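Reader: Hi! I'm new to reading protein models and would love a close look at one part of this one. Could you take the charged pairs and walk me through them slowly, with some of the surroundings too?

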Amino acid sequence: MRAPAEAGTYLLRFALVNEGVQWAAPSQAFAAQVNPAYSASFMQSTIHALLLGKSYTFAVTVTNTGSAPWTSTGASPINLSYHWHDQSGNTVRWDGERTPLVGDVAPGAAATLQMKLTAPATGGTYRLTIDMVREGVGWFSSLGGTVPMTVDVVVAPIHFAAQYSAALDRPPYVGETRTLPVTVTNTGNVPWGGPDTVNLGYHIHDALGKTVVWDGTRTPLGDVAVGASKIVQLTYTAPAAMG
């Protein structure tokens, strides 16, 4: 007996057949559930606002709800991936980065994968669709039985911003080099530090607004999280003329 090609609930009846003559009366109907060979269910995750063009890693838990094991190797390996769509439903990116299985996943078993994800290069609100894909065959949502995970995500431009607090204890002498405690608060939406080096510098202008010093000495800030503050000792040199 061969199962139907499409997943769903069916009624199965048996009957004798006199080949070339007629079928006998069929048996009672038996309900039969046909499960897809490859299907998945997802544990819903929360993905906060992303920054445009940045790469991220998110934990996604997925369960094999099909009848066939998921293989991580071979001719048609199974991977986790995603699509990006804009608010009008237009596809921004169909083939997202692939996150491979850490090993084969048996029917009924679950796996938590560290999904690799890159945000769109233009700011806005997007629909992120997360699905499994059997390479060379198709996405699970097209094979029947799988409802992919969808999340509405805001993608924002990268914004560097800061607030400062400082007070001179006395006026400097002409040409004097001094240090000044400055409290710097990260009011942007990206952390400072790591591969993005952020320093504190200064400009000096005269009473008419003319620039006397533009590229003042740099003072390293190190790592500062979004919303965090740090007190640093800014080193500066006063102008060579009084004023």
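Author: Sure, let's start with the count: there are five salt bridges in this chain. Keep in mind that this is a predicted model. The general idea is simple: side chains of opposite charge can pair when their charged atoms come close. What counts as close here is a side-chain nitrogen of Lys or Arg within 4 Å of a carboxyl oxygen of Asp or Glu.

How many charged side chains does the chain have? There are 13 positive and 15 negative ones, and the centres of the two sets lie 2 Å apart.

Now for one of the pairs, Arg127 with Asp152. Their closest N and O atoms are 2.6 Å apart, and the two form a salt bridge. This pair ties together distant parts of the chain, since Arg127 belongs to strand 12 (residues 124-134) and Asp152 to strand 14 (residues 149-156), with their positions 25 residues apart in the count. Is Arg127 buried or exposed? Neither, quite: its relative accessible area is 36%, so Arg127 counts as partly exposed.

Stay in strand 12 for a moment, because Thr129 sits there as well and has a relative accessibility of 10%, which makes Thr129 buried. The cut-off at work is that buried means under 20%. Which residues does Thr129 touch, leaving aside those up to four places away in sequence? They are Ser81, Tyr82, His83, His85, Pro148, Met149 and Thr150. Take Thr150 from that list: Thr129 and Thr150 are 21 residues apart along the chain, yet their C-alpha atoms are separated by 4.5 Å.

Next, find Arg98 and Asp95. They meet in a salt bridge too, with 3.1 Å between the closest N and O atoms. Arg98 is partly exposed at 24% relative accessibility, and Asp95 is also partly exposed, with a relative accessible area of 43%.

Another pair is Asp215 with Arg218, whose side chains meet in a salt bridge at 3.0 Å, N to O. Asp215 has 56% relative accessibility, so Asp215 counts as exposed; the cut-off for that word is over 50%. Arg218 has 48%, and therefore counts as partly exposed. Going back to the earlier pair, Asp95 and Arg98 are joined with Glu135 into one network by salt bridges that share partners.

For some surroundings away from the charges, try Thr183, which is placed in strand 16 (residues 177-186). Thr183 is partly exposed, with a relative accessible area of 26%. Setting aside residues up to four places away in sequence, Thr183 touches Gln163, Tyr164, Ser165, Ser229, Lys230 and Ile231. Where is Trp84 relative to Thr183? The two are 99 residues apart along the chain, and their C-alpha atoms are separated by 40 Å.

Ser165, one of the residues that Thr183 touches, is found in strand 15 (residues 162-166). Its relative accessible area is 45%, so Ser165 is partly exposed. With the same kind of sequence neighbours left out, those up to four places away, Ser165 touches Pro181, Val182 and Thr183. Ser165 and Ile231 lie 66 residues apart along the chain, and 9.2 Å separates their C-alpha atoms.

Finally, zoom out to see what these pairs sit in. The chain has one helix and 21 strands. Its C-alpha trace spans about 115 × 35 × 30 Å along the principal axes. A compact globule of 243 residues would have a radius of gyration near 18 Å, whereas this chain has 31 Å. Buried residues make up 31% of the 243. Among contacts with a separation of 6 or more, 65% come from residues 24 or more positions apart; the salt bridge between Arg127 and Asp152, 25 residues apart, links distant parts of the chain as well. As for the surface, the accessible area is about 14700 Å², and 56% of that belongs to carbon and sulfur atoms.

Definitions and conventions. Residues numbered from 1 in each chain as written. Predicted model: local features only at pLDDT ≥ 70, side-chain atom pairs only at ≥ 80, totals over all residues. Heavy atoms only, no water. Helix = DSSP H or I, 4+ residues; strand = E, 2+ residues; numbered from the N terminus. Rg over C-alpha atoms; globule rule 2.2 N^0.38 Å. Buried < 20%, exposed > 50% of the residue type's maximum accessible area, 1.4 Å probe, protein only. Contact = heavy atoms within 4.5 Å. Areas by Shrake-Rupley, 256 points an atom, 1.4 Å probe, with all protein chains shown as cover. Lys, Arg positive; Asp, Glu negative; His and termini not counted. Charge placed at Lys NZ, Arg CZ, Asp CG, Glu CD.
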